[in-house]
Amino acid sequence: MTSAIASSFLVPCGLAALVASGSAWAQPAGDDRLAAAGAASLPEVTVSTSGLQLGVSEMTQPVSVLEGDALVRQRGATLGETLEGEPGITGSHFGAGASRPVIRGMDGARVRVLTDGAELHDASTISPDHAVVSEPLLATQIEVLRGPSALVHGAGAVGGVVNVLDGKVPTAVPSKGYEGSAELRAGSAARDKAGAVAITGGSGPFAIHVEAAGRDAGDYRVGGGWEGGRRVPGSFSDTRSASLGLSWVGSSGYLGLAVTRQTARYGLPGHSHGFEGCHTHGNHLHCGTHDHDHGQDHGQDHDHDHDHGSVPVVDLRSERIDLRGELRRPFAGVAALRLRGGFTDYVHDEIEGDAVATTFKNKAHDLRVELQHEPIAGLRGLLGVRSAERKFSAVGEEAYVQPTRTRSTGVFLLEEYRLGDWRIEGALRHDRQSARALDSDVERSHHGTSASLGAVWRVAPGYALGASVTRASRAPTAEELYARGLHMATATYERGDTGLRSEISRNVDLTLRKTSGPTTFDVTLYRNSIRHYVYGRTLDELDGLQLLQYSQADATFTGIEGRVRQALTRHIGLALWGDSVRARLDGGGRLPRIAPARVGLKLDAQWQSWQGDIEWLQVARQSRVAQFESATPGYGMLNLGLTYHGGAGTATPWQVYVKARNLTDRLAYSHVSFIKDAAPLAGRSVTLGMRVAF
C-alpha cells in the first residue's frame with residue numbers, strides 16, 4: 001500500500017515540479033543548442049471533433065490527437081491498445097481480440113466511439129469481451145476529447161469521445177489522379193502478421209476509395225513466472241476489414257457513400273463453464289443443487305454437452321454503410337452544412353465446441369445534420385440535430401439481456417466568442433431517449449438538458465490556460481435497465497433496474513498548456529461529481545461468480561493527467577507523462593476496476609532520417625479496491641521504438657520501424673480487466689513494420 005500511495009503522489013508532484021520549472025527553462029539562455037530548440041513550436045493540429053475545426057491550443061477541454069508517424073508507431077491490434085499510452089486513457093483488455101478505451105476511470109457507454117463524427121454501432125458498450133469494430137491500421141487520425149464537455153457528440157459521453165478519422169469517403173480528388181499507402185508488420189509475442197492497403201483515385205468530379213486490412217495472431221506470450229504457463233489459452237485473433245467508397249466532389253463541398261465489411265474471429269480467455277445453471281435466490285447466488293455457503297466447496301452437477309477444455313470463440317460480422325457530405329456556404333449566413341449518416345448490421349456468435357451458444361445482433365442507424373453559421377455579433381457556432389435507433393437482441397445460453405429497441409434524439413447548439421487573447425465557448429444540448437424491452441413490452445423514457453461553458457486565455461506567447469464547467473445528463477442504457485441473467489465471459493450474474501433515473505454529471509476541468517520553446521507541456525486537473533451514478537453493485541460472490549445489481553449512488557471522480565517535454569539539444573528531448581484518478585462513492589466505498597496511477601519517462605531523439613525513443617513506464621499497485629475486488633500489483637515496463645524514413649522528396653516516401661514493449665519480460669496485470677488473472681498483459685514483444693506512401 002505504501003508503494004501505491006507513493007506512486008500516486010509521484011504523478012502530480014513530478015508534473016507540478018516540471019511545470020513550475022518550465023518557465024525558467026523557456027527563458028533565453030547562453031546555450032545555443034537550447035536557443036535553437038526554443039525557436040521551435042509544436043505544429044497546430046486541427047481537431048475535427050471540436051465542431052468548429054479548432055486547433056489543439058484553442059480547445060477549452062483537454063484533447064489528444066494521434067496522426068502521422070506518432071499514429072504509425074502507437075497503433076496496435078485494437079483501439080484500446082492503440083490509445084492506452086495516452087495520459088488518462090487505458091484499455092479494457094479482454095485478451096487480444098477486444099479492448100475498448102477507458103477514459104478517466106469510465107468505460108462502456110460513457111465513452112463514445114465515433115467514425116469521422118458518426119457513432120460506431122457495435123456491441124462493445126454492452127460487454128468488454130465484445131470487440132470495437134474499428135481497424136487502427138486504416139485510421140488516418142484519432143482524436144480523444146476527455147470529459148463530458150464535447151456536448152455536440154452526445155451528453156452521455158461523460159468520460160470522453162474518441163473520433164477515428166479515415167479516408168473511406170473521399171473528400172477530394174487526388175491532384176495526380178491517385179494516391180495511397182500500404183503497410184506490413186509482424187510481431188513476436190503472438191506470432192502476429194498484419195497488413196493494410198488504401199488507394200484513392202479519381203477524375204473530374206468523382207473520386208473512389210478502396211481499402212483493406214487483415215491481421216492474424218496466435219495466443220500471445222506473457223511475462224515470465226505466470227502459473228498459467230507462457231501463453232494465454234484462447235487469446236488468438238483473426239480480423240479482416242474492407243471498404244469501398246465513392247464521392248462526388250465539387251468546388252464547394254462533397255457528398256459520398258462508403259460500404260464497409262469487417263469480420264473477426266477471436267478467443268475468450270478465462271471463460272468458465274462452472275457457472276452454468278447458477279441463478280439467484282433473492283440477493284444471493286445459488287449454483288447447482290448446493291445451497292449458498294461460502295464455507296463449502298461447491299461442486300457443480302450440470303448436465304450439458306460442452307467441452308470444458310475448449311475456449312469459446314467469437315465469430316463476428318459487421319456491415320456498415322456511411323453517408324457523409326459537406327456543403328460550404330450553401331446560402332447567405334451559413335458557412336457550412338454537414339451531413340453524417342450510418343446504417344449498421346452487426347452480429348456475432350459465441351461458439352463453444354462446434355455449437356453456437358449465444359448470438360448477439362445489433363441493427364442500428366443514425367443521422368446527424370450540422371449547420372455552421374457565419375459570425376453574428378461576434379458569435380461563431382453551429383446548431384444541429386441527431387437521431388438514432390438501435391435494435392439489440394441476444395439469443396442462447398448467455399442471453400442475459402432481453403431484446404430491446406432504443407430510440408434517441410438530440411438537438412445541440414455550440415457558440416464561440418473571441419475577445420483579444422480570450423476565446424469563450426458555450427454549448428447547450430437536449431436529449432430524449434426511449435428504451436423498450438420487446439419481450440415484456442416495458443418501455444422507459446428519459447430526457448435531460450446539458451450545458452457547458454469554457455474559456456481559453458493565451459496568457460503569453462506559447463502559453464494557454466483553459467477551463468471548462470459542464471453539467472451533463474446521461475440516460476441509462478437498455479442493458480442497465482433490463483439485464484437479467486448469467487454472463488460467463490465476465491463471471492457475473494447481472495440484474496438491471498427499470499427504475500433507474502438519468503445521471504447528472506457536474507465536471508470542472510483546468511488545463512495549462514505550453515506549445516513553444518524548449519519546454520512544452522499540457523497538464524489538466526479535473527473533478528467530476530455525478531449524481532445518480534449507475535454502476536454494477538456486487539451483492540454476493542460465490543466461487544468467483546459475482547451478482548451485480550445495477551444501482552445508483554452519488555460518486556466523485558478526481559484526477560490529474562499530463563505530459564511535459566524538455567528539449568535537451570536540437571535533436572534530443574526528455575519527456576515525463578502520467579495520470580492518476582480517484583473514484584469514490586460519496587456515501588462511502590470505492591468503485592471497481594479503476595486504473596492505478598502511472599508515470600512514464602521517455603527519452604526521444606531525431607537525427608537526419610532516424611527517429612527513436614526509449615521509455616520506462618511505472619504503474620502503481622492498485623489497492624484502493626471495491627468490495628469483492630482484489631488488489632493488483634504494480635509493475636514497470638521498458639519500451640523502445642526506432643524508425644527510419646526513406647525516399648524523402650520522392651513520389652514514394654517510405655519508412656521502416658521497429659517497436660519493442662516490455663523488454664524486461666515483466667509479468668503484469670491490468671486492473672481494469674474483468675479477466676486480469678486469466679489473461680495477463682503481453683510479455684516481451686518486438687514488432688517490425690514497413691509503410692510506403694504513393
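A disulfide is a pair of cysteine sulfur atoms within 2.5 Å. By that criterion, this predicted model holds 1 disulfide, and the tour starts there.

**Stop 1: the disulfide**

Select Cys278 and Cys287. Their sulfur atoms lie 2.0 Å apart, which means that the pair falls within the 2.5 Å limit. Display the side chains as sticks and look along the S-S bond: the angle about this bond is 115 degrees, and the link of Cys278 and Cys287 is right-handed. Both cysteines are buried, so a surface representation is best switched off here, given that buried residues have under 20% relative accessible area.

**Stop 2: Arg386 in strand β20**

Proceed to strand β20, which covers residues 379-396, and select Arg386 within this strand. Is Arg386 buried or exposed? Its relative accessibility is 9%, and Arg386 therefore counts as buried. Now add Glu119 to the selection: a polar contact of 2.5 Å joins the side chains of Glu119 and Arg386. Beyond four places in sequence, the residues in contact with Arg386 also include His121, Asp366, Leu367 and Arg368. Further along the chain, Ser408, Thr409, Gly410, Phe412 and Arg429 are among its contacts.

**Stop 3: Thr404 in strand β21**

Strand β21 comprises residues 404-419, and Thr404 is found in it. Thr404 has a relative accessible area of 0% and is therefore buried. To see what surrounds Thr404, select Arg390, Lys391 and Phe392, which are among the residues it touches. Arg436, Ala437 and Leu438 also touch Thr404, as do Ala478 and Tyr482.

**Stop 4: Ala483 between α5 and β25**

Next, select Ala483, which lies in the loop between α5 (478-482) and β25 (484-487). Ala483 counts as buried because its relative accessibility is 3%. Which residues does Ala483 touch, not counting those up to four places away in sequence? They are Tyr400, Val401, Ala478, Glu494, Arg495, Gly496 and Tyr550. For a distance check, draw a line between the C-alpha atoms of Ala483 and Asp431: these residues are 52 apart along the chain, and the atoms are separated by 23 Å.

**Stop 5: two arginines with positive phi**

Most residues other than glycine have a negative phi. Two arginines merit inspection in this respect. Arg104 has a positive phi, near 55 degrees. Arg104 is found in the loop between β5 (101-103) and β6 (111-115), and at 5% relative accessibility it counts as buried. Select Arg593 next, which has a positive phi of about 55 degrees although it is not a glycine. Arg593 is found in the loop between β30 (572-585) and β31 (598-607). With a relative accessible area of 24%, Arg593 is partly exposed.

**Stop 6: a nonpolar surface patch**

Finally, switch the surface on and select Leu379, Tyr417, Leu419, Trp422, Ile424, Leu453, Trp457, Val459, Leu465, Leu510 and Leu525. These residues form a nonpolar patch on the surface, with about 960 Å² of accessible area together. Which strand gives the most to this patch? Strand β23 does, with 3 residues. At least two residues of the patch come from each of β21, β22 (422-437) and β23 (442-460). To end the tour, centre the view on Leu465, a patch member that lies in strand β24 (residues 463-474). Leu465 counts as partly exposed, at 31% relative accessibility.

How values were computed:
Residues numbered from 1 in each chain as written. Predicted model: local features only at pLDDT ≥ 70, side-chain atom pairs only at ≥ 80, totals over all residues. Heavy atoms only, no water. Helix = DSSP H or I, 4+ residues; strand = E, 2+ residues; numbered from the N terminus. Buried < 20%, exposed > 50% of the residue type's maximum accessible area, 1.4 Å probe, protein only. Polar contact = N/O pair within 3.5 Å; in protein donor to acceptor, adjacent residues only side chain to side chain. Contact = heavy atoms within 4.5 Å. Patch = residues over 30% accessible without salt bridge, like charges linked within 9 Å, V, L, I, M, F, W, Y side chains within 5 Å. Areas by Shrake-Rupley, 256 points an atom, 1.4 Å probe, with all protein chains shown as cover. Salt bridge = Lys/Arg side-chain N within 4 Å of Asp/Glu carboxyl O.
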